[in-house]
Structures are given as C-alpha cells and as structure tokens.
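Dear colleague,

I am passing on the structure we spoke about, with the sequence beside it. My notes follow below, and I would be glad if you read them with the model open.

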Amino acid sequence: MAVELNELRDQIDEVDKQMVALLARRLALVEKVGEVKSKHGLPIYAPDREAAMLASRREEAEKQGVPAQLIEDILRRTMRESYSSEKDSGFKCLNPELRSVVIVGGKGQLGGLFKRMFTLSGYQVKVLGSKDWDRADEILKGAGLVVVSVPIHLTEGVIRKLSDLPEDCILCDLTSIKSKPLQTMMETHAGPVVGLHPMFGPDVPSLAKQVIVHCDGRGSEHYQWLLQQFVIWGASVCAMDAKEHDKGMTLIQALRHFTSFAYGMHLSKENPDLDKLLQLSSPIYRLELAMIGRLFAQDPNLYGDIILSSEENIDMIKRFHARFGEAIQILEQHNKAEFVESFNKVSEWFGDYSAQFMLESQKLLKQANDSIHRG
C-alpha cells in the first residue's frame, strides 16, 4: 500500500510542478499585457473581459469533469496576483501638461499609496508633510493638483491653510467623511474642488475592483481626467452626494467599527482562552473573530476619529443600543414566537439579498476554511 501511495503522490507532485510552471508563464504574459495597457492607457481591470473569460473556463472545466467553481477559484486568485503585477508596468499619464501634484500628508499610509500611483503614472509628485509647513509656499507653488490626506480631525484646519493655491489648481481630499471637508474646500479655494473617499485601506495590492467615491464640488469639467485616471488604475468611481455619502458611512463605518470595538471590549473582560476559542470555532466564527481582531491591530486614533466624526454617528449608535435592548427583552421573556416573528420581518426586509449573501458567504467560508491548519 505504501509503495502504491507513494507512486501516486509522486505523480501528483509532478502535476503540481507543471502547474507552477504554467502559472509562472501566465504571470510573464500578464506583465506584457500590463506594458501594452500602460502604452495605450487601458484600465488594468476590464470587467467584461474577466466575466467572459471565467464563463469560458467554467464551461471548459465542466466538459473535462473538473468542478467549475474550482477553476474559477484558481483563476480569481491568479488574477488578483496579475492585477498587482500589471501595476508595476506603470500607467498612461492622462494629463501630461499638469503641473505638480502635491500630496498633503503624503508620508502617511494612504497618502503614500496615492503618491506611488501618481508617480507610476508619470506625474511630478511632491509631498507636504506635517513638518514641512515652513516650506509650504515653496512646495505648493504652481501646483496643478493638491490632495489632502490627513487624519479626520485635522482635515478642515489643513484645508484652510491652502487659501493661496493657483486658481486653476484642483483641490481634493481623501477623508472618509465628505460634507464638512467639501464645504471647507469650497469656502477656501475658488478653483475646481472635488471630495474623494477611497473605500479601501492603504494595504491593497492594487486598485483593481476598488471603489473611489467622488462628491462633486465645483468645476467638474476640470477634473474628469482625474476620475478617468483612477479608472485606468483599475478603480471603480462612484458619484454621490456628500450628505448621502455621510449618511451611508454612519452604518458602513461608524456603527460597524463601534460594534467591533464593543465586542472586543466584551471579549477582553470575559477573558476567554483565545486558543481554545479558535479550536472550537466554525469557519464563520473564526472569520468574525478575525475581523474583530483586525480592528485592534490598527491605529485607535483612526477609528476614534471615524466614530466620533459626527453627532449623526453617535445618534445612530444610540438607536442601535436601543434596538439591542428590545432584542434582549424578547430573550428575557423567553418569547420564541416574537423572536421568530422579528426574524421573519428582517428576512423579508433583506429580500433577495439574503439568498445572494448566503452564496457569497459560502464562498468566503470555504476560502477561510482552506487557510486553517489544524495540527
């Protein structure tokens, strides 16, 4: 039996080596694709091409008795690596006549990411850091685009320092709230103004499939090239009213981060053995625990700024607290019928999204389970 098993394992190892060689060949071809896209100003992410390719490969896999989802998983992971490789080829510069790009806060993580992207696109990029304000006039002189990327609580104050920009200079910010920064930019600068919110962190390997929200301020015809530059980087640009954006962020960011913060506090007070929790965890709980722990591996000032950035956030959290109390009342009364009724009402509100989210989460949980090593 051992001899027979070893022979089969040797054959599997040989196939694996061939797969590695094929992946290396694919990545080399992707690098050439990146060079062509850079030359002609094509986005690194082409959704129609991706969808068609995946559909074709799924069909071919099924014909050979290979699970369609298996080849899709392999290709999606490969494409994620490909997008990262393509960006190394650089990007076409859509506005070569633009004067210097100044990143205010360019020494921070998010500012640094945008500095790299503009540099890869061939723009002249300068950085105005917190210790550079004595040279601000020199750095900002003749700027064609100024990007403000500083902590939320400093944003409006920093914007007010930018009152002497050239009139045709584009002024924008990368803050996760939009109404107040946008209003401050409009009051401070007479030229083109746009509010931006990158819906991703600075650790993304590429901007492929990432979303950048833009809230129009003034002179939108002057910064359309900038939005298109984001598209070439692979991002999806989403236009939204500033107030509507901020209302959504109370749920997407403030409430979500606060509930993670509160659950983390609860865990630390209960003080369970995390190793034992992980041993007992299903993939979904492990993933939830990872998302909670991820928060506490980052800068508390950032999340404090996000949660405390508006009274609307605090009001939303208070309403959540009240509904949490309503749910506890159902438990205290041991009222299963009311629990089921409330559950069904929420399920009805989600509608078809429930089934969609079930499918999406199943894929995520399979990937999470694949990465677990149990000795």
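**What was found**

Of the 375 residues of the protein chain, 37% count as buried. Please keep in mind throughout that this is a predicted model. The secondary structure of the chain comes to 15 helices and 7 strands, and its C-alpha trace spans about 80 × 65 × 40 Å along the principal axes. As one indication of distances within the chain, glutamate 60 and glycine 217, which are 157 residues apart in sequence, lie 49 Å apart in space from C-alpha to C-alpha. Glutamate 60 belongs to helix α2, which covers residues 47-63, and is partly exposed, with a relative accessible area of 36%.

I turn next to the sheet. An open sheet of 7 strands runs in the order β2-β1-β3-β4-β5-β6-β7, and the pairing within it is mixed. The edges are taken by β2 (125-128) and β7 (236-239), each of which has a single partner strand, so one side of each is left without a neighbour in the sheet. On average, neighbouring strands of this sheet are turned by 25° against each other, with direction ignored. Within the sheet order, β3 is followed by β4, and these two strands, residues 145-148 and residues 170-173 respectively, pair in the parallel sense over 4 bridges. In that pairing, valine 148 of the chain stands opposite aspartate 173 in β4.

The charged contacts deserve a separate look. The structure holds 16 salt bridges, and I describe some of them here. In helix α3 (residues 68-87), arginine 77 and glutamate 81 are placed 4 residues apart, about one turn of the helix, and their side chains meet in a salt bridge with an N to O distance of 3.4 Å. Both partners are partly exposed, arginine 77 with a relative accessible area of 40% and glutamate 81 at 34%.

Helix α14 (residues 336-350) holds another such pair, lysine 345 and glutamate 341, again 4 residues apart, about one turn of the helix. The side chains of lysine 345 and glutamate 341 form a salt bridge at 3.6 Å, N to O; lysine 345 counts as exposed at 53% relative accessibility, while glutamate 341 counts as partly exposed at 45%. Elsewhere, salt bridges that share partners join Glu50, Arg58, Glu72, Arg76 and Lys209 into one network.

Arginine 135 and aspartate 132 also form a salt bridge, with their closest N and O atoms 4.0 Å apart. Here aspartate 132 is buried, with a relative accessible area of 9%, whereas arginine 135 is partly exposed at 37% relative accessibility.

Helix α14 also contributes to a nonpolar patch on the surface. The patch is formed by Val346, Trp349, Phe350, Tyr353 and Phe357, which together have about 570 Å² of accessible area. Both α14 and α15 (353-370) supply at least two residues of the patch, and the largest share, 3 residues, comes from α14. Valine 346, one of the members of the patch, has its place in helix α14 and is partly exposed, with a relative accessible area of 45%.

Finally, the cysteines: how many disulfides does the count come to? The count comes to 0 disulfides, and two cysteines may serve to illustrate this result. The sulfur of cysteine 169 has its closest cysteine sulfur in cysteine 172, at 8.8 Å, and this is too far for a bond, given that a disulfide calls for a pair of cysteine sulfur atoms within 2.5 Å. Likewise, the sulfur of cysteine 238 is 8.7 Å from the closest cysteine sulfur, in cysteine 215, again too far for a bond. The surroundings of cysteine 169 and cysteine 238 can also be described by accessibility: cysteine 169 is buried, with a relative accessible area of 0%, whereas cysteine 238 is partly exposed, with a relative accessible area of 27%.

With best regards

Notes:
Residues are numbered from 1 along each chain as its sequence is written. This is a predicted model: local features need pLDDT of at least 70, side-chain atom pairs count only at pLDDT 80 or more; totals for chains, interfaces and linings use all residues. Side-chain values use heavy atoms; hydrogens and water are left out. Buried means under 20% relative accessible area, exposed over 50%, partly exposed in between (1.4 Å probe, protein chains only). Patches are made of residues with over 30% relative accessible area and no salt bridge: like charges are joined within 9 Å, nonpolar side chains (Val, Leu, Ile, Met, Phe, Trp, Tyr) within 5 Å. Accessible areas come from the Shrake-Rupley method with a 1.4 Å probe; for residues, only the protein chains shown count as cover. Two strands pair if DSSP finds at least two bridges between them. Axes are lines fitted to C-alpha atoms, for helices over the stretch in contact, and angles run from 0 to 180 degrees between N-to-C directions.
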